[in-house]
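Student: I should like to go through the terms used for this structure and ask what justifies each of them.

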Amino acid sequence: MGTQVKDVFISPDAPKTLLLDKHADYIAAYGCKKDDYEYTLSEYLRMSGIYWGLTVMDLMSQLPRMNRQEIVDFIKSCQHECGGVSASVGHDPHLLYTLSAVQILCLYDSVDALDVDKVVEYVKGLQQDDGSFAGDKWGEIDTRFSFCAVATLALLCKMDAINIDKAVEFVLSCMNFDGGFGCRPGSESHAGQLPDVCYSWWVLASLRIIGKIHWIDKDKLRSFILACQDEETGGFADRPGDMVDPFHTLFGIAGLSLLGDEQIKAVNPVLCMPEVVLQKLCLQPELLS
């Protein structure tokens, strides 16, 4: 008999060990298939896709397999005159992709490939009077964009460019009676409503940040994450039996890192980057805890 986790069925023959080599091969091959239908359709989130792939490769100590110069050149081609970075060439700039670009360049110790002063001005210009941040010039407000803005400036050691007190006030205004946070004031709390490997990162990282990771059953979570691997192709899916992708592969590996898997580099629970990378930057100490 298999194991039932809400609406997820874990087969008794599901993977029980981490298939690191398979995952490294999967990610290394993914970026080479530029003519594939799936790759072409994902152009609108290309910058984040590169961040997911490179970060998980670094966590698995496989980053040298990726083409550093090609990636750095691509990022430079995606920075706009306003300072923001887009998902791909010809797309509009957005805070999300600006953060992804800065994270990637931090992995390669190449932040100077961007015009950093323009990046800072772009982020600063998206802060609203109430302390919130719009994701781009079109004005959508979301606490996730607050994170993108603060994380970008933290990595660039330019936090003083924004009104931090106002940014904190806005995030606190999104806290609800149940202790959770919504994306805007009055929105429902959210921490991941269905079983999904990526929530093994989002929820677990939140617990690590507040020092409560011991509240969960680590062994059961580890079993669920491992069951989401594809033994043939490598990669992780959102749940057992589904199609794998780079997004869930990163957060599956990152979740296992938070659970203490010694085959993987230690991951920072705030920024989802290898701790060893962040220790080389001039970050405020509280961002590394």
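Tutor: The discussion below takes up aromatic pairs, salt bridges, a buried charge and a helix face in turn. This is a predicted model, in which local features need pLDDT of at least 70 and side-chain atom pairs count only at pLDDT 80 or more, while totals for chains, interfaces and linings use all residues. Residues are numbered from 1 along each chain as its sequence is written, and side-chain values use heavy atoms, with hydrogens and water left out.

Student: Why is the pair of Trp-202 and Phe-251 called tilted?

Tutor: Rings of Phe, Tyr and Trp (its six-membered ring) pair if their centres lie within 6.5 Å; planes under 30 degrees apart count as stacked, over 60 as edge-to-face and the rest as tilted. By this rule the count comes to five aromatic pairs. For Trp-202 and Phe-251 the centres are 4.9 Å apart and the planes stand at 45 degrees, so the pair is tilted. The two residues come from distant parts of the chain, 49 residues apart: Trp-202 in helix 9 (residues 199-209) and Phe-251 in helix 11 (residues 246-258). Helices (H or I, at least four residues) and strands (E, at least two) are DSSP runs, numbered from the N terminus. Both rings belong to one aromatic cluster, formed by Trp-52, Trp-201, Trp-202, Phe-247 and Phe-251.

Student: What makes Phe-251 count as buried?

Tutor: Buried means under 20% relative accessible area, exposed over 50%, and partly exposed in between (1.4 Å probe, protein chains only). Phe-251 has 2% relative accessibility, so the residue counts as buried. Trp-202, at 40%, counts as partly exposed.

Student: How do you know that Arg-65 and Asp-25 meet in a salt bridge?

Tutor: A salt bridge requires a side-chain nitrogen of Lys or Arg within 4 Å of a carboxyl oxygen of Asp or Glu. The N to O distance between Arg-65 and Asp-25 is 3.0 Å, and the criterion is met. Arg-65 lies in the loop between helix 3 and helix 4 and Asp-25 in helix 1 (residues 20-30), so this bridge ties together parts 40 residues apart in sequence. A search of the whole structure finds five salt bridges.

Student: What makes the bridge between Asp-58 and Lys-265 a link between separate parts of the sequence?

Tutor: The closest N and O atoms of Asp-58 and Lys-265 are 2.6 Å apart. Asp-58 lies in helix 3 and Lys-265 in the loop between helix 11 and helix 12 (275-278), so the pair ties together parts that are 207 residues apart in sequence. Asp-58 is buried, with a relative accessible area of 6%, whereas Lys-265, at 27%, is partly exposed.

Student: What is the nearest side chain of opposite charge to Asp-238, and how far away is it?

Tutor: The nearest such side chain is that of Arg-239, 4.2 Å away, and Asp-238 is buried yet has no salt bridge. Here Lys and Arg count as positive and Asp and Glu as negative; His and the chain ends are not counted. Asp-238 is placed in the loop between strand 3 (236-237) and strand 4 (244-245). Contact means heavy atoms within 4.5 Å; among the residues Asp-238 touches are Pro-195, Phe-224 and His-248.

Student: Why are the buried residues of helix 4 said to line one face?

Tutor: The buried residues of helix 4 (residues 68-77) are Ile-71, Val-72, Phe-74 and Ile-75. Seen down the axis of helix 4, they fall within an arc of 160 degrees, so they line one face of the helix. The arc is that of the directions from the helix axis to the C-beta atoms. Helix 3 (46-59) and helix 5 (95-107) are included in what covers these buried residues of helix 4.

Conventions
Lists of a residue's contacts leave out its neighbours within four places in sequence.
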